[in-house]
Each structure stands twice: as structure tokens, then as C-alpha cells.
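Work through the exercises below with the model in view. Try each task before reading its solution.

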Amino acid sequence: MKIKHYLTLTLLCTIFALSLTGCGKSASQSTSGNNNTDKNNLSENVSDAARDVADGTKDAAKDVVDGTKDIAEGIGNATDDLLGNGGFDNYSDAHDYFLDTMSSYHSDARFELRNEDKKLNDYQEGSKGYHFYLYDTSKNEKGDEFGEFFVDANSGRIYQKRNNSISEYPVTATKVSYR
């Protein structure tokens with residue numbers, strides 16, 4: 001994309017330079033009757049070329065600004081997805097994030113989700129998330145239930161339900177922060 005803009009600017013500068021040369025005919029070579037006409041034509045050519053260069057520069061600058069905005073937005077989205085603090089607009093994104101995160105915590109396990117509910121669920125007072133039953137099938141085909149989990153739709157944090165209480169996962173001596 002940058003090369004295209006550089007080539008465009010180079011072409012416009014070349015056109016501008018050619019218009020200044022007057023296509024090989026200088027004012028001193030012309031007859032006295034055409035002298036003013038040649039000067040006017042040269043002035044118009046320079047004016048047109050300058051306008052073209054200015055328009056090309058504006059377009060290039062706008063493209064650079066638009067590209068920078070797109071890159072910044074893409075980085076923001078990628079960061080939200082990686083850190084899990086951007087929340088989830090749909091079940092599919094929460095599902096993928098949950099499996100990837102749990103697999104990174106437990107690399108020796110093979111996880112499978114069962115009893116999937118693709119709707120948002122209330123899991124604590126005022127909190128909504130996607131509900132998952134996670135099974136580990138690394139030791140047998142039937143799989144052992146690993147736990148019941150929720151992925152918060154707003155923060156992306158993972159919570160585990162144990163003995164009718166819900167706490168952030170993973171439970172360690174030092175609290176894990178996703179932000």
C-alpha cells in the first residue's frame with residue numbers, strides 16, 4: 001500500500017517537473033506574438049500539476065490515517081481477545097476462549113464440553129455469563145467431570161461453581177488478574 005502511494009507521488013512530481021519545462025519550448029524561443037500565450041499555458045500547466053500533487057498528498061495522508069486507525073482497532077480487539085477483558089458478544093467466542101484458556105492451564109488434559117447452553121445465564125446476582133460443563137477425556141473415553149464453569153459476558157473472567165458457591169478460576173494462593 002505504501003509503495004503504491006510512493007509511486008503515485010513520484011508520478012505526480014514527474015508530471016509537475018515536465019509541466020515546468022513547457023514540453024521543451026521555452027518562452028525565449030517563441031515568436032513575439034505567442035509569448036504571452038505560452039506564458040499563460042505554462043502558468044495553467046503548473047497550476048494544474050500543483051493541484052494534482054496537492055490532491056495526491058491529501059489522499060495519501062487520508063489513507064495513512066485510515067490505516068493507522070484500522071491497525072489500532074485490530075490491536076485493541078486482539079488484546080481484548082487475548083486478555084479476556086473485552087467480554088463476549090456471542091457464545092462461539094466465549095466457547096473458544098474458555099477451551100483455549102482451560103487447555104493452557106491444564107496442558108495434560110483433553111477437554112470436552114457437554115450440556116452446552118448457548119444462552120446467557122445469571123450465575124451471580126447481577127452477573128451474566130455463558131455456562132459450561134467441562135469434562136476431561138484424557139484418562140478414559142467417558143471422561144471425568146472437571147467442573148461447572150461460567151464465562152462472564154462482560155469481563156471475560158472465568159468462574160467455577162463449587163458447592164453452590166461461585167468463585168473466580170483458577171483458585172491459587174495468589175489471585176490471577178485478567179486486566
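**Exercise 1. Find the partner of Lys 128 in a salt bridge, then sort both residues by exposure.**

Step 1. Lys 128 meets Asp 122 in a salt bridge, with N and O 3.2 Å apart. A salt bridge here is a side-chain nitrogen of Lys or Arg within 4 Å of a carboxyl oxygen of Asp or Glu.

Step 2. Fix the exposure classes. Buried means under 20% relative accessible area, exposed means over 50%, and partly exposed lies in between (1.4 Å probe, protein chains only).

Step 3. Lys 128 has a relative accessible area of 40%, so Lys 128 is partly exposed. Asp 122 reaches 57% and counts as exposed.

A note on the source: this is a predicted model, in which local features need pLDDT of at least 70, side-chain atom pairs count only at pLDDT 80 or more, and totals for chains, interfaces and linings use all residues. Residues are numbered from 1 along each chain as its sequence is written, and side-chain values use heavy atoms, leaving out hydrogens and water.

**Exercise 2. State how many salt bridges the structure holds, and describe the pairs formed by Glu 112 and Arg 157.**

Step 1. The structure holds three salt bridges.

Step 2. Glu 112 pairs with Arg 114, and their closest N and O atoms are 2.7 Å apart. Glu 112 is partly exposed at 33%. Arg 114 is partly exposed too, at 22%.

Step 3. Arg 157 pairs with Glu 168, with closest N and O atoms 3.8 Å apart. Arg 157 sits in the loop between E3 and strand E4 (158–162), and Glu 168 in strand E5 (residues 165–168), so this pair ties together parts eleven residues apart in sequence.

Step 4. Arg 157 is partly exposed at 22%. Glu 168 is buried at 14%.

**Exercise 3. Give the order of helices and strands along the chain.**

Step 1. Count the elements: three helices and five strands. Helices (H or I, at least four residues) and strands (E, at least two) are DSSP runs, numbered from the N terminus.

Step 2. From the N terminus on, the order is α-α-α-β-β-β-β-β.

**Exercise 4. Compare the span of H3 with its expected span, then list its buried residues.**

Step 1. H3 has 15 residues. The expected span is 1.5 Å times one less than the number of residues.

Step 2. From first C-alpha to last, H3 reaches 21 Å, close to the 21 Å expected.

Step 3. The buried residues of H3 are Tyr 91, Ala 94, His 95, Tyr 97, Phe 98, Thr 101 and Met 102.

Step 4. Take His 95 as an example. His 95 has 19% relative accessibility, so it counts as buried. Beyond residues up to four places away in sequence, His 95 touches Leu 113, Glu 116 and Phe 132. A contact means heavy atoms within 4.5 Å.

**Exercise 5. Describe the largest nonpolar core and name the element with the largest share of it.**

Step 1. Such a core is a set of buried Ala, Val, Leu, Ile, Met, Phe, Trp, Tyr and Cys residues joined through side-chain atoms within 4.5 Å. The largest one has 17 residues.

Step 2. Those with the most contacts inside this core are Phe 98, Met 102, Phe 132, Val 151 and Ile 158.

Step 3. Helix H3 (91–105) and strands E1 (111–124), E2 (127–136) and E3 (144–152) each give two or more residues. H3 supplies the largest share, five residues.

Step 4. Met 102 touches Phe 111, Leu 134, Phe 146, Phe 149, Ile 158 and Tyr 169, leaving aside residues up to four places away in sequence.
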